[in-house]
Amino acid sequence: MSSGNDCQPQTFTKPAFGEKEVTELVDRVFGLKVSWIRPLPSYDDQNFHVRVSRNKGVAEGADEYVLKITNSEDSQKPDLIEAQTRAMMFLSAEGFPSATPYLTKDGNILSLEPDTGPGNKKYMVRLLTYLPGTPVAKIATNTQILYEVGKLAASLDKALSEKFHHPSVKSLHRGQFIWNLANVPLLDQYIYALGQNKYREVVQRVIEQFKGEVIPKLSSFRACINHGDLNDHNILVDSSSASLENPQYRVSGILDFSDMSYGYYVFEVAIAIMYMMIESPDPLSVGGHVLAGFESILPLTEEERGALFLLVSGRFSQSLVIAAHTALLYPENEEYLMITAKTGWKHLMKMFEVGQAAVEKTWFETAEAYAKHAPAK
């Protein structure tokens with residue numbers, strides 16, 4: 001859920017290509033004939049699910065793609081988009097279920113293309129392999145998939161941080177990027193979008209506690225590259241068992257690398273916990289299962305564990321405040337922008353009502369129970 005300019009989400013222009021333009025673009029840039037097309041939801045980019053006619057040179061079975069048209073602001077950062085795309089290619093080669101780009105006719109992984117409308121805007125275009133599977137948001141989550149999501153979050157960041165060395169990686173030092181968890185204090189400038197109510201009061205409390213209790217400790221956290229948006233719509237799964245009562249899932253796809261940035265390992269597990277809470281009927285219990293999966297790969301330090309409650313609260317606040325702000329600017333996209341808000345406010349309020357000590361006790365005791373039984377990795 002990238003939001004355009006690193007510190008000013010209001011400056012981006014969301015692409016508005018029509019299906020006819022997209023069909024022509026795929027032919028002209030990638031040399032493929034579109035046989036079927038449908039739009040996919042997006043925060044500030046424009047995505048299309050594209051099926052192409054089989055031509056010579058198209059691999060057998062590889063006839064479905066996602067055309068990703070990046071917003072005007074991020075399209076001016078080719079190094080950043082290259083880093084995201086190279087990371088996807090690297091992860092695919094490492095065995096992660098990540099999309100890979102279909103090369104342009106010129107042999108490139110991306111292309112800067114003009115909009116036909118007013119303003120002479122240019123947008124970065126990529127054609128990525130289509131990943132099958134069901135978003136976690138569409139399934140009844142169980143403890144097994146929560147554990148797998150935690151494990152994925154740690155494995156992904158560990159692989160990127162230890163082995164991904166492409167020159168474009170320096171662009172992931174994004175400073176004031178609004179979605180980096182270190183930048184929760186930047187929400188001060190967008191909090192007006194909430195109006196005056198109890199929600200605003202709890203977000204202001206999160207921001208102040210974050211400034212006092214998390215920011216001073218950042219230097220003690222272990223740094224890494226974060227995917228930054230392992231939400232319930234960006235993780236695809238398929239069922240690996242025939243049991244209808246207790247299906248076993250495996251991750252079949254990892255989507256949307258547009259929020260990648262340098263951060264800390266504990267950020268990724270906090271983000272995963274927050275998004276896995278969204279649709280859960282028992283949201284406060286979720287964190288322990290995700291944490292257990294994460295710590296099966298990378299145990300957190302005492303300092304990192306101590307920040308987890310406020311990091312999860314901080315991500316709720318980012319998602320809710322930025323969505324409210326962006327919905328005021330782009331009301332036509334409000335339904336998609338406010339997906340998290342449907343239950344997000346209720347969960348954030350509940351966390352503070354129950355209190356940090358009680359929530360942490362639930363999370364840590366659950367994670368420790370996994371450690372004692374040493375589940376198979």
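In this predicted model, a convenient place to begin is T362, a residue of helix α10, which spans residues 356–373. T362 has a relative accessible area of 34% and is therefore partly exposed. Setting aside neighbours within four places in sequence, T362 is in contact with L284 and S285. L284 stands 78 residues away from T362 along the sequence, yet the C-alpha atoms of T362 and L284 are 7.7 Å apart in space.

From this single residue we can turn to pairs of packed helices. Two packed helices are described by the angle between their axes and the distance between the axes. Helix α7, made of residues 302–329, packs against α9 with the axes 10 Å apart and at an angle of about 150 degrees. Because an angle over 145 degrees counts as roughly antiparallel, α7 and α9 are described as roughly antiparallel to each other, and their crossing is left-handed. On the α7 side the contact is made by F309, V312, S313, F316, S317 and L320, while α9 contributes A341, G344, W345, H347, L348, M351 and F352. Sorted by class, the residues of this contact of α7 with α9 comprise 9 nonpolar and 4 polar residues, with no charged ones.

Helix α9, which covers residues 341–354, also meets helix α4, residues 198–213; the axes of α4 and α9 come within 11 Å and cross at roughly 60 degrees. That angle makes α4 and α9 oblique to each other, and the crossing of α4 and α9 is left-handed. The α4 residues in the contact are K198, Y199, V202, V203, R205, V206 and Q209, and they meet W345, L348, M349 and F352 of α9. By class, the contact of α4 with α9 has 8 nonpolar residues, 1 polar residue and 2 charged residues. W345, L348 and F352 of α9 thus take part in the contact with α4, and W345, L348 and F352 are also listed in the contact with α7.

A further helix pair is formed by α3, residues 143–163, and α5, residues 265–277, whose axes lie 10 Å apart at an angle of about 150 degrees. That angle makes α3 roughly antiparallel to α5, and α3 passes α5 in a right-handed crossing. The contact joins L146, V149, A153, D157, K158 and S161 of α3 with Y265, E268, A272 and M276 of α5. Its residues fall into 6 nonpolar, 1 polar and 3 charged.

The next stop is inside another helix, where T85 belongs to α2, residues 78–93. T85 counts as buried because its relative accessibility is 0%. A polar atom of the side chain of T85 lies 2.7 Å from the backbone oxygen of I81. Not counting residues up to four places away in sequence, T85 touches P101, I109 and R126.

Among the strands, β2 runs over residues 46–52 and includes Q46. With a relative accessible area of 13%, Q46 is buried. The side chain of Q46 has a polar atom 2.8 Å from the backbone nitrogen of F17, and this side chain also reaches the backbone nitrogen of A16 at 3.4 Å. Apart from its neighbours within four places in sequence, Q46 is in contact with P15, A16, F17, L67, K68 and I69.

F17 appears again around D115, a residue of the loop between β4 (111–114) and β5 (122–129). Leaving aside neighbours within four places in sequence, D115 is in contact with F17, E21, K121 and Y123. At 17% relative accessibility, D115 counts as buried, since residues under 20% are placed in that class. The C-alpha atoms of D115 and Q248, which are 133 residues apart along the chain, are separated by 45 Å.

The tour ends in another loop, the one between β9 (249–254) and β10 (261–264), where D256 is found. Most residues other than glycine have a negative phi. D256, however, is a residue other than glycine whose phi is positive, near 60 degrees. With 23% relative accessibility, D256 is counted as partly exposed.

Technical notes:
Residues numbered from 1 in each chain as written. Predicted model: local features only at pLDDT ≥ 70, side-chain atom pairs only at ≥ 80, totals over all residues. Heavy atoms only, no water. Axes fitted to C-alpha atoms, helices over the stretch in contact; angles between N-to-C directions. Helix = DSSP H or I, 4+ residues; strand = E, 2+ residues; numbered from the N terminus. Parallel < 35°, antiparallel > 145°, perpendicular 65-115°, else oblique. Left-handed = near helix turned anticlockwise from the far one by under 90°. Contact = heavy atoms within 4.5 Å. Nonpolar A, V, L, I, M, F, W, Y, C, P; charged D, E, K, R; others polar. Buried < 20%, exposed > 50% of the residue type's maximum accessible area, 1.4 Å probe, protein only. Polar contact = N/O pair within 3.5 Å; in protein donor to acceptor, adjacent residues only side chain to side chain.
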